[in-house]
Structures are given as structure tokens and as C-alpha cells.
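Dear colleague,

Please find below the structure that I promised to hand over. My notes on what was found in it follow.

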Amino acid sequence: MCSIIGIKGQNSKNKIFKMIELLNHRGPDATGIYSDNKVLYNSQIYDIPESNFIMAHNLLSIVGDNEIQPIQSN
């Protein structure tokens with residue numbers, strides 16, 4: 001299983017990191033975060049900017065490691 005997390009409001013960055021840590025057992029293979037029109041993965045997630053809406057994903061890789069989310073497209 002994976003986990004999908006969305007936080008809206010003040011102090012979203014602190015809250016999202018707490019939720020990622022809490023739900024890491026559901027997806028220990030990779031982590032991705034979307035904030036302020038930026039998407040960062042794994043060790044880069046700590047550089048994510050603060051915003052009033054942040055979304056994150058913990059990946060449990062079942063068929064490979066090419067499906068890190070959130071996915072960004074033009």
C-alpha cells in the first residue's frame with residue numbers, strides 16, 4: 001500500500017512532514033511532495049517551499065521504482 005497526504009492551511013510544511021513520518025510504513029520506498037508548483041522527491045523533499053496547500057505521497061514499490069508520485073505534467 002501507499003499513502004497519499006494533503007494538508008491545507010497554515011503550518012502545512014510542518015504538518016506534512018509529521019504525516020509522512022507517521023505513514024512511512026505504508027510506503028517506505030520513495031517519497032514525493034508537491035508545494036507551490038514544485039515537485040520534489042526523496043532527500044530533496046526538505047527543500048520544499050511553504051505554502052497553504054501541500055500534497056505528499058509515500059511509495060510502496062511493487063512493480064519497480066519508476067512510479068514515484070506526485071506526477072507533474074505541463
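**Findings in the predicted model**

Asn 11 lies in the loop that links β1 and α1. Please bear in mind from the start that the model is predicted. Although Asn 11 is not a glycine, it has a positive phi of about 55°. Most residues other than glycine have a negative phi. Asp 36 is a further case of a residue that is not a glycine but has a positive phi of about 55°. Asp 36 sits in the loop between β2 and β3. Those strands form a hairpin with two residues between them. Asp 36 counts as partly exposed because its relative accessibility is 44%, and the partly exposed class lies between the limits of 20% and 50%.

**The sheet**

In what order do the four strands form the open sheet? The order is β1-β4-β2-β3, and the pairing is antiparallel. The edge strands are β1 and β3, each of which pairs on one side only. From one strand to the next, the twist averages 15°.

Strand β2 covers residues 30-35, and five of its six residues are buried. Its pairing may be followed on each side in turn. With β4, which spans residues 53-59, β2 runs antiparallel and is joined by six bridges. One pair to look for is Thr 31 with its bridge partner in β4, Asn 58. With β3, residues 38-41, β2 pairs over four bridges, again in the antiparallel sense. Here Tyr 34 stands opposite Val 39, and Ser 35 has Lys 38 as its bridge partner.

**The nonpolar core**

Which residues make up the largest nonpolar core? There are twelve: Ile 5, Ile 7, Ile 16, Phe 17, Ile 20, Leu 23, Ile 33, Leu 40, Ile 45, Ile 48, Ile 54 and Ala 56. At least two residues of this core are supplied by each of β1 (3-8), α1 (12-22) and β4. The largest share, three residues, comes from α1.

Ile 54 is a member of this core whose surroundings can be listed in full. When residues up to four places away in sequence are not counted, Ile 54 touches Ile 5, Gly 6, Ile 7, Ser 12, Lys 13, Ile 16, Ile 33, Tyr 34, Ser 35 and Pro 49.

**Two residues outside the strands**

Met 1 is placed in the segment before β1. Is Met 1 buried or exposed? Its relative accessibility is 61%, so Met 1 counts as exposed; the limit for that class is over 50%. Leaving out residues up to four places away in sequence, Met 1 touches Arg 26, Gly 27 and Leu 60. Met 1 and Asn 58 are 57 residues apart along the chain, and their C-alpha atoms are separated by 9.0 Å.

Ile 68 belongs to the segment after β4. Ile 68 counts as partly exposed because its relative accessibility is 24%. Apart from neighbours within four places in sequence, Ile 68 is in contact with Ala 30, Thr 31, Tyr 41, Asn 42 and Leu 59. Between Ile 68 and Asn 42 there are 9.3 Å from C-alpha to C-alpha, while the two residues are 26 residues apart along the chain.

Yours sincerely

How values were computed. Residues numbered from 1 in each chain as written. Predicted model: local features only at pLDDT ≥ 70, side-chain atom pairs only at ≥ 80, totals over all residues. Heavy atoms only, no water. Buried < 20%, exposed > 50% of the residue type's maximum accessible area, 1.4 Å probe, protein only. Pairing = 2+ DSSP bridges. Core = buried A, V, L, I, M, F, W, Y, C linked by side-chain atoms within 4.5 Å. Contact = heavy atoms within 4.5 Å. Axes fitted to C-alpha atoms, helices over the stretch in contact; angles between N-to-C directions.
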